[in-house]
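Work through the exercises below with the structure open beside you. Try each task before reading its solution.

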Amino acid sequence: MSLRQMEYFLTVVEEASFTRAAELLHVTQSALSHQIKALERSVGGALLERMPRGARLTPMGRAFLPHAELAVRSAAQARRAARAAAGAEGGELHVAAVHSIAVGVLPDVFARWRAAHPGVLLHLHEYATTEALEEEVQRGTADLAVGPAPADWPGTVVEVGQEEIVLVVPFDDRFAGRRTVTLPELADRPWVRCAMEPVIDGERFLDWACGHAGFRPRTAVFTEHTSTAVRMAAAGVGVCTAPSHIVGGAVGEDCVVLSPDPPWVRALTVFARVPPTGAAEAFVDLLRETWPLPGAPAAPTGPHEVCGAPAPVSR
């Protein structure tokens with residue numbers, strides 16, 4: 001079994017066709033079929049079912065697929081790490097992030113990176129949830145990830161800053177003249193919810209937080225993206241929660257931002273399967289220098305819970 005055979009196998013799976021895969025790989029179809037058959041002999045059974053108009057995975061192929069993906073991605077990461085350690089300026093860096101970080105934090109970081117390292121191509125992989133982010137990084141999709149601190153991560157985790165979760169209301173809201181508000185004061189209000197809302201203790205975060213405040217939130221609108229939820233809240237549809245950097249940096253300050261009392265703050269980290277080196281290490285250093293963004297809170301002075309959702313802390 002060779003890495004090239006696994007690359008050929010993955011291309012056939014992706015294209016669902018030996019013909020298209022051979023064209024993409026710049027090999028003859030007979031050479032491609034020979035390599036796939038050699039791979040199947042090495043694993044002891046058929047991985048692909050040949051069909052008149054394509055190919056599809058067999059049960060053995062479905063079991064083999066995630067391991068082949070991990071092997072090929074790990075090999076690509078190894079090549080990038082070796083080039084970085086050797087001081088090669090060319091190459092690529094794959095960065096994964098949850099959507100709110102990709103929109104609210106990384107544009108400025110990427111701009112500074114391009115100015116300092118124009119020879120390194122950046123690839124951004126965005127995910128809707130922290131669960132999807134962690135799963136894909138574990139599978140080797142990216143060299144490193146930026147997001148909330150993962151629980152029980154087997155690799156490297158580096159804290160680079162803090163992320164404050166705020167409440168968004170329109171300019172004519174009755175709380176518009178204030179800086180903070182307690183959740184019980186919002187018990188009668190409609191809420192704009194987002195599919196990217198994290199889960200804590202088996203509940204969506206807002207349900208969990210409001211439940212501890214003695215009420216159930218009344219949902220007015222359910223959106224797919226945090227930035228859309230902020231726009232809805234600014235228009236007066238309902239209150240929404242959002243990272244502070246989304247409100248100011250990505251969506252625009254055309255609304256009123258309130259801090260919950262007590263505040264919601266969570267750690268922002270860079271995590272990876274192996275310790276960052278070369279270009280990846282330089283990216284971590286740049287992220288540390290760039291964070292916190294203007295308006296972001298200072299790091300808490302006392303211990304606090306680090307989890308996959310905002311947690312009340314004392315500052």
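## Exercise 1: Strand β14 and its partners

V146 stands opposite V270 of strand β14. Keep in mind that the model is predicted.

**Task.** Find which residues of β14 are the bridge partners of A145 and of G161.

**Solution.**
- Step 1. Locate β14, which covers residues 264–272.
- Step 2. Go to strand β5, residues 144–148. β5 and β14 pair in the antiparallel sense, over four bridges.
- Step 3. Read off the partner of A145: F271 in β14.
- Step 4. Turn to strand β6, residues 156–169. β6 pairs with β14 over nine bridges, again in the antiparallel sense.
- Step 5. Read off the partner of G161: L268 in β14.

## Exercise 2: Strand β5 and strand β3

**Task.** State in which sense β3 and β5 run, parallel or antiparallel. Then name the bridge partner of V95 in β5.

**Solution.**
- Step 1. Find strand β3 at residues 91–98.
- Step 2. Count the bridges that join β3 to β5: there are three.
- Step 3. Note the sense: these two strands run parallel.
- Step 4. Pick out V95. Its bridge partner in β5 is L144.

## Exercise 3: Buried or exposed?

**Task.** Decide how far β5 is enclosed by the rest of the structure, and how many residues of β14 are buried.

**Solution.**
- Step 1. Use the cut-off: a residue is buried under 20% relative accessible area.
- Step 2. Apply it to β5. Five of the five residues are buried, so β5 is largely enclosed by the rest of the structure.
- Step 3. Apply it to β14. Nine of its nine residues are buried, and the strand is mostly covered.
- Step 4. Set this against the protein chain, where buried residues make up 48% of the 315 residues.

## Exercise 4: Two helices

**Task.** Describe how helix α1 packs with helix α2. Which residues make the contact?

**Solution.**
- Step 1. Find α1 at residues 3–15 and α2 at residues 18–25.
- Step 2. Take the geometry. The angle is about 125°, and the axes lie 8 Å apart.
- Step 3. Classify the angle. The two helices are therefore oblique to each other.
- Step 4. Add the handedness: α1 passes α2 in a right-handed crossing.
- Step 5. List the contact. α1 gives Y8, T11, V12 and E15; α2 gives F18, R20, A21, L24 and L25.
- Step 6. Sort the contact by class: six nonpolar, one polar and two charged residues.

## Exercise 5: The whole chain

**Task.** Give the number of helices and strands in the protein chain.

**Solution.** The secondary structure comes to 11 helices and 15 strands.

Terms used. Residues numbered from 1 in each chain as written. Predicted model: local features only at pLDDT ≥ 70, side-chain atom pairs only at ≥ 80, totals over all residues. Heavy atoms only, no water. Axes fitted to C-alpha atoms, helices over the stretch in contact; angles between N-to-C directions. Parallel < 35°, antiparallel > 145°, perpendicular 65-115°, else oblique. Left-handed = near helix turned anticlockwise from the far one by under 90°. Contact = heavy atoms within 4.5 Å. Nonpolar A, V, L, I, M, F, W, Y, C, P; charged D, E, K, R; others polar. Buried < 20%, exposed > 50% of the residue type's maximum accessible area, 1.4 Å probe, protein only. Pairing = 2+ DSSP bridges.
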